[in-house]
Amino acid sequence: GGLSWARVLGESSSGSTTRLNAVSFVGPSLGWAVGQAGVVLATRDGGATWTNQNATLGPARGGALNGVHFVNSTHGWAVGDRGVVVRTGDGGDTWQTQTSCTGHYLHDVAGEVQGAEVVLWAVGLQGARCYTLDSGITWVQQTT
């Protein structure tokens, strides 16, 4: 894996000229990319074509989304400028804002399913470190 690479994401395949900041795949075909101005793009064919999903981002619209992580085909989180955290439970068709633990720029998010919950970590500027043990219902700032 990774011995050769092909460019598959460009204006012709995504319909977007906006800078993209992160990508998350949950298999060889299903993935999401996030970027400037709250852009969220989804692919179901390994990146050959991309669909815009950012129409319902609400407060995150306008700010950059810098990190994205999906734990399966339906549940994902994205983080961005001013501590924005958004989540989807329907594969990105709709996004809901979650209360963040910081107002600082968040750079990335990662996590895993643990039992019935998803445990996630988000990191950003000025040492911002947030975590949730309850699928993002409560984000806590790590201070040590």
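Biologist: Why is Phe 25 called partly exposed in this predicted model?
Modeller: The relative accessible area of Phe 25 is 36%. Buried requires under 20% and exposed over 50%, so Phe 25, at 36%, is partly exposed.

Biologist: What makes Trp 50 count as buried?
Modeller: Trp 50 has a relative accessibility of 9%. The cut-off for buried is under 20%, therefore Trp 50 meets it.

Biologist: How many aromatic pairs are there by this rule?
Modeller: The count comes to four aromatic pairs. One of them is formed by Phe 25 and Trp 50, with 6.4 Å centre to centre and 90° between the planes.

Biologist: Why is the pair of Phe 25 and Trp 50 called edge-to-face?
Modeller: The 6.4 Å lies within the 6.5 Å limit for a pair, and the 90° is over 60 degrees, so the term edge-to-face applies.

Biologist: What makes this pair a tie between parts of the chain?
Modeller: Phe 25 belongs to strand E1 (residues 20-25), whereas Trp 50 sits in the loop between strand E3 (40-43) and strand E4 (51-52); the parts so tied together are 25 residues apart in sequence.

Biologist: How do you know that Phe 70 and Trp 95 are an edge-to-face pair?
Modeller: Their ring centres are 6.2 Å apart, within 6.5 Å, and their planes stand at 90°, over 60 degrees; therefore the pair is edge-to-face. Phe 70 lies in strand E5 (residues 65-70) and Trp 95 in the loop between strand E7 (85-88) and strand E8 (96-98).

Biologist: Why are Phe 70 and Trp 95 called buried?
Modeller: Phe 70 has a relative accessible area of 3% and Trp 95 a relative accessibility of 6%. Buried means under 20%, so Phe 70 and Trp 95 qualify.

How values were computed. Residues are numbered from 1 along each chain as its sequence is written. This is a predicted model: local features need pLDDT of at least 70, side-chain atom pairs count only at pLDDT 80 or more; totals for chains, interfaces and linings use all residues. Side-chain values use heavy atoms; hydrogens and water are left out. Rings of Phe, Tyr and Trp (its six-membered ring) pair if their centres lie within 6.5 Å; planes under 30 degrees apart count as stacked, over 60 as edge-to-face and the rest as tilted. Helices (H or I, at least four residues) and strands (E, at least two) are DSSP runs, numbered from the N terminus. Buried means under 20% relative accessible area, exposed over 50%, partly exposed in between (1.4 Å probe, protein chains only).
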